[in-house]
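Here are my notes on the model you sent over. Keep the picture open while you read, and go through the points in order.

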Amino acid sequence: VNSAVTAMDAKTGAVKGRLVLDARKRSEDVRPLQPRELAADDATNTVYISGIGKESVIWVVDGDAIKLKDTIQNTGKMSTALAVDRMMGKSISLST
């Protein structure tokens, strides 16, 4: 599935869930954002996923429920890197 993330149990290999992050259909005028980088905050079980495109975003996912909690908009064009600053409780994105 395009523009989606799949959560798996590392011990058993079982699929815990699947989340479509950008459900828009690709066309001449529409280019759905594509997941690129993933960073996790183990303390809160929050997963940050960069979605790259003309107007990149960071999707904030609840790692327990495998549900979208928030979308951080306008993180730059073609966001290329993602990290979590656990001390500050923030995600950091870099664009080119």
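1. Start with Val47. Leaving out residues up to four places away in sequence, Val47 touches Leu38, Ala39, Ala40, Trp59, Val60, Val61 and Gly63. You'll find Val47 in strand β4. One partner is worth a look: the C-alpha atoms of Val47 and Val60 lie 5.9 Å apart, although 13 residues separate the two in sequence. Is Val47 buried or exposed? Its relative accessibility is 16%, so Val47 counts as buried, given that the cut-off for buried is under 20%.

2. Before going on, keep in mind that this is a predicted model. The mean pLDDT of the chain is 86, and 89% of the residues score at least 70. Which element has the lowest mean pLDDT, and which the highest? Strand β8 (residues 90–95) has the lowest, at 55, while β6 has the highest, at 95. So read β8 with that value in mind, because pLDDT is the predictor's confidence in each residue.

3. Now zoom out to the whole chain. There are eight strands and zero helices, so reading from the N terminus you get β-β-β-β-β-β-β-β. The chain has 96 residues, and 34% of them count as buried. About 6400 Å² of the chain is exposed, with carbon and sulfur atoms supplying 51% of that area. As for contacts between residues at least 6 apart in sequence, 26% join residues at least 24 apart.

4. Next, the sheet that holds β4. This open sheet has four strands in the order β3-β4-β5-β6, and the pairing is antiparallel. Which strands sit at the edges? They are β3 and β6 (67–72), each of which pairs on one side only. From one strand to the next, the twist averages 25°. As background, strands of a sheet pair through backbone hydrogen bonds, either parallel or antiparallel.

5. Let's follow β4 on its β3 side. Strand β4 (residues 46–52) pairs with β3 over six bridges, in the antiparallel sense. You can check the register with two pairs: Asp41 is opposite Thr46 in β4, and Pro35 is opposite Gly51 in β4. The two strands make a hairpin with four residues between them. In that turn, Asn45 has a positive phi of about 50°.

6. On to the β5 side. Six bridges also link β4 to strand β5 (residues 57–62), and these two run antiparallel. Here Ser50 stands opposite Ile58 in β5. Again there is a hairpin, with four residues joining β4 to β5.

7. How many residues of β4 are buried? Seven of the seven are, so β4 is largely enclosed by the rest of the structure. In a regular strand the side chains alternate between the two faces of the sheet. In β4, Thr46, Tyr48, Ser50 and Ile52 point one way, whereas Val47, Ile49 and Gly51 point the other way, and all are buried.

8. Don't skip the loop between β4 and β5, which is where Ser56 is found. With 0% relative accessibility, Ser56 counts as buried. The Ser56 side chain reaches the backbone oxygen of Gly53 at 3.3 Å. Which residues does Ser56 touch, not counting those up to four places away in sequence? They are Gly51, Gln73, Asn74, Thr75, Gly76, Lys77, Met78 and Ser79.

9. Last stop: Asp22, in the loop between β2 (15–20) and β3 (34–41). What does the side chain of Asp22 reach? It reaches the backbone nitrogen of Leu33, at 2.8 Å. Setting aside neighbours within four places in sequence, Asp22 is in contact with Ser3, Pro32, Leu33 and Trp59. Trp59 should look familiar, since point 1 lists Trp59 among the residues that Val47 touches. Asp22 counts as buried too, because its relative accessibility is 9%.

Technical notes. Residues are numbered from 1 along each chain as its sequence is written. This is a predicted model: local features need pLDDT of at least 70, side-chain atom pairs count only at pLDDT 80 or more; totals for chains, interfaces and linings use all residues. Side-chain values use heavy atoms; hydrogens and water are left out. Buried means under 20% relative accessible area, exposed over 50%, partly exposed in between (1.4 Å probe, protein chains only). A polar contact is a pair of N or O atoms within 3.5 Å; within protein, one must be able to donate a hydrogen and the other to accept it, and residues adjacent in sequence count only if both atoms are side-chain atoms. Contact means heavy atoms within 4.5 Å. Accessible areas come from the Shrake-Rupley method with a 1.4 Å probe; for residues, only the protein chains shown count as cover. Two strands pair if DSSP finds at least two bridges between them. Axes are lines fitted to C-alpha atoms, for helices over the stretch in contact, and angles run from 0 to 180 degrees between N-to-C directions. pLDDT is the predictor's confidence in each residue, from 0 to 100.
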